[in-house]
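Here's a walk through one protein chain, from its sheet to a few residues worth a closer look. Have the structure open as you read.

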Amino acid sequence: MKDDELGDGTRAVRAGLPEPVKYEPTLPGPVFAAHFHLPGEPTGPYTYGRDENPTWTHLERAIGELEAPGEEGVETLVFASGMAAISAVLFSQLKAGDTVVMPTDGYQALPLVHEQLRAYGVEVRTAPTGGDAQLSVLDGAKLLWIETPSNPGLDVCDIRRLVREAHAAGALVAVDNTLATPLGQRPLALGADFSVASDTKGMSGHGDILLGHVSCRDPLRAAEVRRWRKIVGAIPGPMEAWLAHRSLATLQLRIDRQCSTALALARTLAERADVTGLRYPGLPDDPSHEVAARQMRRFGPVVSFELADRKRAERFLEELRLVDDATSFGGVRSTAERRGRWGGDAVAEGFIRFSVGAEDPEDLIADVLRALDEAGGAG
């Protein structure tokens, strides 16, 4: 069987493993090294700890196999966090006088990036994710940055269409694929130049490490991103890299459970009179479903909705017993938060971002319904 014919679960548990060596572990432990023995000319592959590490190599190969199964030439670079990965693409590809198009409804830290880009002389244009609105401000841009599904609003744009139009206009395309993961959607297969993600979320899935990655086909672009990583030193520790690789083995198991429960929860919430603004791309009547169904293989673990006001939302979160009131998403333990508490997101005071974990769906849904009732809602 060819590598590109393997199922997602098989690929996840085998990805990035070295060739078997008698008496050696199947997944070698983390390599803790600032420097390596290096007599003669420094021809690598391992010379200094800021440049490369064998533990990163295994993880990068694993993520590359998930991003582009069976495809040669895709390079993946891991970073200390998702924001480090995002910054590496933006700041390695853009210079003073360039223009970048970004979403108005993306991750809440992006406005900080906008400020820094503008300080460096880069023009930043923004438009919403939904309706492929970023195309309206694409003219003359060097880079189009897509986040789909968007966080936290869960709007979806047509990656193929945006890539086609951007490339025709001479722009590169980067896709923040954090919410979907490569098991949910593969941006490189849809034509994007860069697939970027915060692996803090679903990829590692346990809420215990910070990590990010960038995958791309073009070796020159990859070299530019690699150079940026070396310059700023935005590198992961070997223990974090090893833990992330270990966690990939359960990616398909986790994602399938989370996505199926998220759909069941969304269907349940749709029946509640006290829940409004419900969004989940897997719902057939969601505004994003038609586009999402064409490009996504799984719809992700995040459901968003609104309660009447801030007080009702906070009471709901307090009443939950199986759900942590915490930020981030994609973990095995369900989390939820009133997203407006951070500022920076254009959401209502009662807006809830709910990340479904791996609990039994019946238990989780019962907990949510009880908390809604205790918060004063009407079923």
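## Helices on the sheet

Helix 5, residues 159–168, lies across strand 4 and strand 5 (172–176), and its axis runs at about 155 degrees to strand 5. Keep in mind that this is a predicted model. Helix 2 (residues 54–67) lies across another set of strands: strand 1, strand 6 and strand 7. Relative to strand 1, helix 2 runs at about 125 degrees.

## The sheet itself

What order do the strands of the open sheet take? Reading across, it goes 1-7-6-5-4-2-3, seven strands in all, with mixed pairing. At the edges sit strand 1 (75–79) and strand 3 (123–127), each with pairing on one side only. From one strand to the next, the twist averages 20 degrees.

Inside that order, take strand 2 (residues 99–103) and strand 4 (residues 143–147): they run parallel and are joined by two bridges. If you want a spot to look at there, V101 stands opposite L144 in strand 4.

## Two domains

The domain assignment splits the chain into domain 1, covering 6–245, and domain 2, covering 251–375. Their C-alpha centres are 26 Å apart. How many residues of each domain are in contact with the other? The count is 34 residues of domain 1 against 34 residues of domain 2.

## K201, the annotated lysine

UniProt, in an unreviewed entry, lists K201 as "modified residue: N6-(pyridoxal phosphate)lysine". That annotation may be inferred rather than shown by experiment. In the model, K201 is found in the loop that links strand 6 (194–198) with strand 7 (212–216).

Is K201 buried or exposed? It counts as buried, because its relative accessibility is 11% and the cut-off for buried is under 20%. The K201 side chain makes a polar contact of 3.1 Å with the side chain of S198. Setting aside neighbours within four places in sequence, K201 is in contact with T178, S328, F329 and G330.

## E337, a buried glutamate

Next up is E337, which lies in strand 11 (residues 335–338). Its relative accessible area is 0%, so E337 is buried. What does its side chain pair with? One polar contact, at 2.5 Å, joins it to the side chain of R339, and another, at 2.6 Å, reaches the side chain of W342.

Beyond neighbours within four places in sequence, E337 has a long list of partners in contact: L317, D325, A326, T327, S328, W342, F351, I352 and R353. S328 links this part of the story to the previous one, since E337 is in contact with S328 and K201 is in contact with S328 too.

## V89, on a helix

V89 has its place in helix 3 (residues 82–93). Why does V89 count as buried? Because its relative accessibility is 0%, and anything under 20% is buried. Leaving out neighbours within four places in sequence, V89 is in contact with W145, A174, F194, V196 and V214.

Those partners tie V89 back to the sheet: W145 falls in strand 4 (residues 143–147), A174 in strand 5 (172–176), and F194 and V196 in strand 6 (194–198). V214 falls in strand 7 (212–216). For a reference distance, the C-alpha atoms of V89 and R254 are separated by 28 Å, with the two residues 165 apart along the chain.

Definitions and conventions: Residues are numbered from 1 along each chain as its sequence is written. This is a predicted model: local features need pLDDT of at least 70, side-chain atom pairs count only at pLDDT 80 or more; totals for chains, interfaces and linings use all residues. Side-chain values use heavy atoms; hydrogens and water are left out. Helices (H or I, at least four residues) and strands (E, at least two) are DSSP runs, numbered from the N terminus. Buried means under 20% relative accessible area, exposed over 50%, partly exposed in between (1.4 Å probe, protein chains only). Contact means heavy atoms within 4.5 Å. A polar contact is a pair of N or O atoms within 3.5 Å; within protein, one must be able to donate a hydrogen and the other to accept it, and residues adjacent in sequence count only if both atoms are side-chain atoms. Two strands pair if DSSP finds at least two bridges between them. Axes are lines fitted to C-alpha atoms, for helices over the stretch in contact, and angles run from 0 to 180 degrees between N-to-C directions. Domain bounds come from an automatic or database domain assignment.
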